[in-house]
Number of protein chains: 2
Amino acid sequence: MRRQADVIVVDWGASFLRAYLCFDNGGELEVIEQVLGPGAAKVSQQFEAALNSVIGHWSAQYGALPVLMSGHIGSSLGWHETPYISCPVPPLEVTKELFEFESNGHSIFVVPGVSCEEPDGHADVMRGEETHVLGWLTMDDSHRRGKHLLCLPGTHTKWVLVEEGEIKVFKTAITGELFDLLCHHSVLIQQQQSEIDIRAFEQGAKLTLESELGQFVHGLFSVRTLQVQGKLDADHAKSYLSGLLIGSDVRAALMAPQWRIDELASISLIGSHPLCELFSQTLKMKGITVHSTQEKETCLRGFSAIYRKVFKSAA
Amino acid sequence: MRRQADVIVVDWGASFLRAYLCFDNGGELEVIEQVLGPGAAKVSQQFEAALNSVIGHWSAQYGALPVLMSGHIGSSLGWHETPYISCPVPPLEVTKELFEFESNGHSIFVVPGVSCEEPDGHADVMRGEETHVLGWLTMDDSHRRGKHLLCLPGTHTKWVLVEEGEIKVFKTAITGELFDLLCHHSVLIQQQQSEIDIRAFEQGAKLTLESELGQFVHGLFSVRTLQVQGKLDADHAKSYLSGLLIGSDVRAALMAPQWRIDELASISLIGSHPLCELFSQTLKMKGITVHSTQEKETCLRGFSAIYRKVFKSAA
C-alpha cells in the first residue's frame, strides 16, 4: 500500500539544502525520503528551479504538498526575505510571522529569522538555527528549564544562549567560511588532505585556546612558519589550521561577555558528526563536557512543532 | 650620450614584482627605469620567462647586467630557495648567504630570508622585508641606535623590532591576504566599491581595537549584521571590513609580548601610500604617532647597501 505524505520540510542553508518528505503520524513528523541539494548561495538566484529539481519527483507522486522552509533561503540574499523576530523569544513564535507564497502549486511557508540586539549595540542574526533550537527544546523537559549554551557549528558557527525555553542572545563566528577560504585560496595550504589528523588539530587548537589577546590574525601565519621549520607536515597543515580556527571560536565563546560559562547547566552541540567531534574535542581541552545531538533530529523536531502549530492547532 | 647601467635590482614579492634598472653613482643606486610585473605566486612557476618578459629590453640594451633579487622569489614556493639567517642579526649579514645562479647570461643573486625563534617556540619568517629594513637603517644615524618598531603593511603585514641596528624579532599577520579573500569570496561583501570611506573604516577599526579577548572571528560577522540592520551601507562594507582587519592587526601588535610599546623610540611605517595611511590612521586612534617612508626608498637603499658590500667592498 502506498503511504500518503503530508508535508515537505526544507532546511535550506547557504551551503546545502536538506529536504525531507514527511508523514504526520500524530507525533513527530516521520521521514519517508530525504534529498540533499545545493545551498542557497550556490544556485545563482534560481531558487524555484533548484527546488523543483530536488522535490519534483515528490510533487509528481504526492501532488502539491505544503512546504515548510527555514534558513538562508529567507535572507535578503535568498528567495523571499522574511522578517527577523527579536530576542528574547520562545522560538515557536516564528509561526506568527511565516512568509507564505505559491510556487508550482505548492504553498510555501518560510520561517522568519531571529535577531538580537544588546544595550552596547552588539547585534546578531540567525536563519535556520531557530528551527534547530526549537527542536532541541522539545527533546527533554530539562531543556526548557535553566540556562543552556548551544553551539551549532557550520559555515557560520552559532553560539546560542537559551534560558527558560527562550532564545536570549547569540553570537556568530564565520569559522567554517574562513576555513574554506583559507584552504582553497591562501598561501597557507598547499596540499588538500582529506582526513583530519587529530594531533595536528590539537596543536592548532592549543595555540588559539591559550593565546594572548587578539593574536588570531598573527597566529594564522604559524601554519606557514611551522611548515618552513619542519615542525608541521604539509599534509597535516589543514588539520592544524582547522584547530587554530575552532580553538579561536571556542575561546571567544568561553570568554563572551553575553553569558557566564560557569552559570550554565550545559553546553550542547548540534551538528553533523565529524565537525561536532572537533568542537567537542576542543571544549574537552578546556575541561568542558558537552552533549551532542545530530542536526537531523533537531531539524525534524523543530519542523514538527511548527507544522503542528500551523496546521493542527485549530483542528 | 647613452648612460651606462650597472645593476638591476628586483623586489619580487608574492603579489608583485618591482624591477629597477640602476646606475652606480658612488652613493645610493640611481634608478634609470622601473618596471612592474607579476608576483611570484602568480607566474605558475615560470620564473625565468616572467623575468625575461620584464627585463628583456634592458638586457637587449645593456647586456647581461648582474641582478639582485629579494622577496618571495627565494622561498620554497619560489624560483631558487635560499636559506634563512637567524635573528638577532644586522640585516647586512644577508650578503654572506646570497644564492647565486645564472639565467640567460645574467648572474642572479638572491637575498636570503630572515627567521626568528623565541624560547616559547614562537617563530616567524620574512623574505624581502629584510632588504627594506636594511634600507631604513641607512636613512638616519638615529635608526641604528635604540629600539624601533617597524610596520610593513602588505599582503602579509610584518612588525619588526629593530634594536641597535639589528633585527631582534618580528611577527607576521596575514591581514592583506585575509582582506582580499573576504572581499572576493565571502558572504560578507556583495559590492566592490573602490574608494575607502574613512568613517566606515574607523567604525570597523574601533570594534577590533577595543574588543574583548579573541573576539575577532566573532566580530567579522558584524560586516553582515550591520548591513542587515541598516547601520552600514553595502558600498561601505569593504571599508568597514578593512578597518576590522587593520584594527585587529594593530591591536595585536600593540599588545605583543615580544616588545613593550612604551619602550620604543618610534613606530615607522614602510609601504605604499594608501595602505600606510590606513595603518597610520589606526595607530593614531590609539594615540600613537608614526613616521612613514615610501617602500621604493627603503628598497633602493637596501639594495644599494647590498650592492656596495658585494661588488665594491673588495675594490
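Is Glu263(A) buried, partly exposed or exposed? The legend to view 1 gives the answer, computed, like every value here, from a predicted model.

**View 1. Glu263(A) and its salt-bridge partner Arg260(A).** Glu263(A) is partly exposed, because its relative accessibility is 41% and that class runs between 20% and 50%. Its side chain forms a salt bridge with Arg260(A). The closest N and O atoms of this pair are 3.9 Å apart.

**View 2. A salt bridge within helix α9 of chain B.** Glu297(B) pairs with Arg301(B) in a salt bridge. Here the closest N and O atoms lie 3.3 Å apart. Both residues belong to α9, which spans residues 295-312 of chain B. They sit 4 residues apart, about one turn of the helix. Glu297(B) counts as partly exposed because its relative accessibility is 36%.

**View 3. A salt-bridge network in chain A.** Four residues are joined here: Lys147(A), Arg260(A), Asp262(A) and Glu263(A). They form one network through salt bridges that share partners. The Glu263(A) to Arg260(A) pair of view 1 is a salt bridge between two of its members.

**View 4. Lys206(B) and Glu210(B).** The side chains of these two residues meet in a salt bridge, at 3.7 Å from N to O. Lys206(B) has a relative accessible area of 46%, so this lysine is partly exposed. Over all chains, the model holds 24 salt bridges.

**View 5. The contact between chain A and chain B.** Each chain contributes: 46 residues come from chain B and 46 residues from chain A. Together the chains bury about 4000 Å². Carbon and sulfur atoms account for 68% of that area.

**View 6. Salt bridges and polar contacts across the interface.** Between chain B and chain A there are 2 salt bridges. One of them joins the side chains of Glu117(A) and Lys231(B), with an N to O distance of 2.9 Å. The count of residue pairs in polar contact between the two chains is 8, with both residues at pLDDT 80 or more.

**View 7. The side of chain B that touches chain A.** Strands and helices both take part. β9 (123-126), β11 (157-163) and β12 (166-173) are among the elements that each supply at least two residues. The helices that do so include α3 (175-185), α5 (216-219), α6 (222-228) and α7 (237-254). α3(B) gives the most, with 6 residues. By class, this side of chain B has 21 nonpolar, 16 polar and 9 charged residues.

Conventions:
Residues numbered from 1 in each chain as written. Chains lettered and ligands numbered in written order. Predicted model: local features only at pLDDT ≥ 70, side-chain atom pairs only at ≥ 80, totals over all residues. Heavy atoms only, no water. Contact = heavy atoms within 4.5 Å. Buried area = accessible area lost by both parts, 1.4 Å probe. Polar contact = N/O pair within 3.5 Å; in protein donor to acceptor, adjacent residues only side chain to side chain. Nonpolar A, V, L, I, M, F, W, Y, C, P; charged D, E, K, R; others polar. Buried < 20%, exposed > 50% of the residue type's maximum accessible area, 1.4 Å probe, protein only.
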